[in-house]
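Student: I should like a close look at one part of this complex, the place where the two chains meet. Please set it in the context of the rest of the model.

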Amino acid sequence: MIGSGGQIRPHYRRLTERLNTLPETDFNSRRAAVDLAFLRRGVTFTVYNDSEGTERIFPFDIIPRIIPASEWKTLEAGLIQRITALNLFLDDIYHKQKILKDKVVPAAQVLSAKHFRREFMNFSVPRDIYVHMCGTDLIRDHDGRYLVLEDNLRCPSGVSYMLENRAAMRRAFPNLFQSYGVRPVAGYADSLLKALRFISPRRTEKPTVVLLTPGVFNSAYFEHSFLARQMGIPIVEGRDLLVSDARVFMRTTAGLMPVDVIYRRIDDDFIDPLVFREDSVLGVPGLVSAYREGNVALANAIGTGVADDKVVYAYVPKMIKYYLDQEPILPNVPTYLATNPSERKFILENIAKLVVKSANEAGGYGMLIGPAANKEEITEFRKKVAANPRNFIAQDPVMLSRSPTWCDGSLEGRHIDLRPYILYGEKITVTPGGLTRVALRKGSLVVNSSQGGGSKDTWVLQGEA
Amino acid sequence: MPPLRFPEFRPQATVMLSRVAHSLYWMSRYIERAENISRLLDVNLQFLLDFQGIEDNFHEEHWDSILASLEDRALFGTIHGAADSRNVTDFLALDLRNPNSILSCVNSARENARMIRDQISAEMWETINELYLYLKDRSATEIWATSPYEFFQDIKRHSHLFQGLTESTYSRSEGWEFIQFGKLLERADKTTRILDVKYHIILPSVEGVGGAVDTAQWQAVLRSASALESYHRFYVHEILPWKVAEFLIFSESFPRSLHYCVTQIDGFLCKILAESGTRRRTAAGRTASRLLSDLQSLTITDVLKQGLHEFLMDVQKSLDRIGDEVIQTTMFYPVEVPQEEHQQQQVQQQQ
């Protein structure tokens, strides 16, 4: 919000003026009303500390994050470029593996990835689309450049908060919206349904699309039911489905109804106990056979996790050049691979200055923030990295940009990131907006909801201010 | 496991998952149950206010009879000693160890609603959620310190609001049939129990049938079923035990009478099971049909001859059977998986 010279950036000026005219009691009552609305509407996630889960509202900061049109245009182009390359990469990896043969990406890194599914080699997915929905985490560095922190290509979550945050802000500041020219995000569910229908194996006007949820105990259950409601499709659990003659059916009160497309929010590992984890009680026995026969489509496809492995992430700029012959519009955060001997040496020597991440963890778990860690933690991670280099990468710590946030009665700068949502159907669309997550603890760089993070509404403007 | 048999799929405008149908059914039942327990507690707490100080064991016997009619006496005995207004309120209102306490019912209703919140209107969900939030932080001490009357009033109001919103925001679809079926089944069951309370009450020895206490008790029975005004409109004269029983069992127009409820239950059952009222194909249909014809043809004299308590027990059994059989018929589920592991795996999925 504050530019390099200390002045307020132009697209924040009107918001600042509005807030200055608002008496503090009025401001506080609007904040309280927003929180209460989240609670009443049940916009909550579940935190599991012990065996008992407690529902919490995702802390919400009512100062929006504002992105002017020109900035967004670059972001949008960069995200479309990136998902296009990632999708081509997946198609290549599961077929001819040209990029490995040309030694642009080392074969050993890809084939050893935890989420590489060799069972699906030479399997062709409907319309050649692997990643139908993607949530890419971006940060801005001290020069105001956007960098890609990670890609989420399996079951990215959070999109319901983007939509609910907007609804909350519209209730709290109706007038500001009109005058600011904020681009709407409400088209997301519609685009999602279109993208899902696009991959139906049965070419019919209205294929049957369902959302497969792990169930009501999952922390993102609110989001699953929210999206199903917005799209008007049934939300099903594994036990609601069954496979017979390689066709998927759902158990309805009127008998068994055929299913064409499954928007699954369950990891590959759990989706079919006959093929992956046999102890899974969330999946549907036989689902993979129906998928292989081409009788049902899955979104995202099985095996996309290989491309959001953090080691493979490091090669995405090279993929963009290789497949598209373009320069990456959005750079990666500088990344060191522990598998590379010289970089490993660098990591081990400089671990206290770096951020170290596990290749396949999400939610801010399994990472070390060197500058903030104590001696024991550093020693422990050094041992881990040395013992299993394939499982670790390190990055230069990036000072995430800060955004003014309401903290105990005054506005203070807090670190933020941005997760925009990209849909890949007949064409690729990026919803103008996204989930801005904010690290509410002073000085903290961890924005995950499970670790003290909150969120803000993200305004993408029609114009510049 | 025997092979699963599935009926032919009948294409129709809206399709409903079996699991969703059952969540609608239980959501509706639990809300109705919470309301009935609130009314029963409210009325009887007020009733006993008029009998402060007389005969020490009068209160205890009164509460015992209510616990007996709800089939909760054994469980109550394992938690509390002698029943009094305080601990019965605690047990029936807020104790999670009692699966039928108001709090347990509201939690269950909300958990069912949460599973299917994409299927119900935002208004319905918000009402249940509000009731849940309202109850979440209450304690019995606090309720007693302020006003129990207000407390029960709030619960009943939420239930009425929920039912009214369902009526005005929910499509008349198969889901509607399950919601109504669940509500009416619960309502009929609770009416039998409210009537049965009187069977368990031992009258104070000095006064007999027809005395002041007896009349006050029958009046409490009517009020427990929200039936006092309707009863008076129907029978202008004083409150007579067999008339009260007749009204709550046989009235064709009072919405909590057994006759009225079972007529409705039978209608929704025909729709849910897709069968006609004349020739019944299913066990549930035949049970409902038999119960309805009893309620159409018997008189209060027949019931009293058989014994009111025995008659009410038979009705309860029939209602249970109808509910169980409908679940069996519309539920094509394999064996349930162990809950705990299921929960743990559900928690793990997140990116």
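**The contact between the chains**

Tutor: In this predicted model, L39(A), R40(A) and R41(A) of helix α2(A) meet E126(B), N129(B), E130(B) and L133(B) of helix α6(B). By residue class, this contact of α2(A) with α6(B) divides into 2 nonpolar, 1 polar and 4 charged residues. A pair of packed helices is described by the angle between the two axes and by the distance between them. For α2(A) and α6(B), the latter spanning residues 122-136 of chain B, the angle is about 105° and the axes are 8 Å apart. An angle from 65 to 115 degrees counts as roughly perpendicular, and α2(A) is therefore roughly perpendicular to α6(B).

The contact between the chains as a whole takes 42 residues from chain A and 35 residues from chain B. On the side of chain A that touches chain B, at least two residues each come from α2 (24-41), α9 (221-231), β7 (235-236), β9 (247-252) and β10 (255-258). The residues of that side of chain A comprise 21 nonpolar, 12 polar and 9 charged. For the complex, the predictor gives an ipTM of 0.75 and a pTM of 0.85.

Strand β9(A), which contributes to that side of chain A, follows a loop that begins after β8 (241-244) and contains D245(A). D245(A) has a positive phi of about 50°, although it is not a glycine. Its surroundings hold 10 C-beta neighbours inside 10 Å, so D245(A) counts as exposed.

A positive phi is also found at N122(A), where the value is about 65° and the residue is again not a glycine. N122(A) is placed in the loop between α5 (107-111) and β4 (133-140) of chain A. N122(A) is exposed because 7 other C-beta atoms lie within 10 Å. Another backbone feature of chain A is the cis peptide bond from A299(A) to N300(A), with omega near -10°. N300(A) belongs to the loop between β12 (297-299) and α12 (310-313) of chain A.

Strand β3(A), residues 60-67, offers a view of buried structure in chain A: 8 of its 8 residues are buried. In a regular strand, side chains alternate between the two faces of the sheet. On one side of β3(A) lie F60(A), I62(A), P64(A) and I66(A), on the other D61(A), I63(A), R65(A) and I67(A), and all of these are buried. Strand β3(A) runs parallel to β22(A), residues 453-460, and 5 bridges join the two. Within this pairing, I67(A) stands opposite V460(A).

The loop between β21 (435-439) and β22 of chain A contains V447(A). With 26 other C-beta atoms within 10 Å, V447(A) is buried. Leaving aside residues up to four places away in sequence, V447(A) touches I416(A), D417(A), R437(A), V438(A), A439(A) and G453(A). By contrast, F270(A), 177 residues from V447(A) in sequence, lies 27 Å from V447(A) in space, C-alpha to C-alpha.

Chain A also has an open sheet of 4 strands in the order β13-β16-β14-β15, with antiparallel pairing. Its edges are β13 (335-337) and β15 (367-369), each of which pairs on one side only. Averaged over neighbouring strands and with direction ignored, the turn of one strand against the next is 20°. Between β14(A), residues 355-358, and β15(A), 3 bridges make the antiparallel pairing, and V356(A) stands opposite L368(A) of β15(A).

Turning to chain B, its secondary structure consists of 17 helices and 0 strands. Of its 351 residues, 43% count as buried. Among its contacts between residues at least 6 apart in sequence, 69% join residues at least 24 apart. The loop between α11 (228-234) and α12 (241-250) of chain B holds E238(B). E238(B) counts as exposed because it has 10 C-beta neighbours inside 10 Å. E238(B) and T215(B) are separated by 23 residues in sequence and by 9.0 Å in space, C-alpha to C-alpha.

As to confidence, the mean pLDDT of chain B is 87, and 89% of its residues reach 70 or more. Over residues 1-7 of chain B the pLDDT is below 50, and this stretch has 7 contacts in the model beyond near neighbours in sequence.

Terms used:
Residues are numbered from 1 along each chain as its sequence is written. Chains are lettered from A and ligands numbered from 1 in the order in which they are written. This is a predicted model: local features need pLDDT of at least 70, side-chain atom pairs count only at pLDDT 80 or more; totals for chains, interfaces and linings use all residues. Two residues are in contact if their C-beta atoms, placed from the backbone, lie within 7 Å. Ala, Val, Leu, Ile, Met, Phe, Trp, Tyr, Cys and Pro count as nonpolar, Asp, Glu, Lys and Arg as charged, and the others, Gly among them, as polar. Two strands pair if DSSP finds at least two bridges between them. Axes are lines fitted to C-alpha atoms, for helices over the stretch in contact, and angles run from 0 to 180 degrees between N-to-C directions. Angles under 35 degrees count as roughly parallel, over 145 as roughly antiparallel, 65 to 115 as roughly perpendicular and the rest as oblique. pLDDT is the predictor's confidence in each residue, from 0 to 100. A residue is buried if 20 or more other C-beta atoms lie within 10 Å of its own, exposed if 12 or fewer, and partly exposed in between; C-beta atoms are placed from the backbone.
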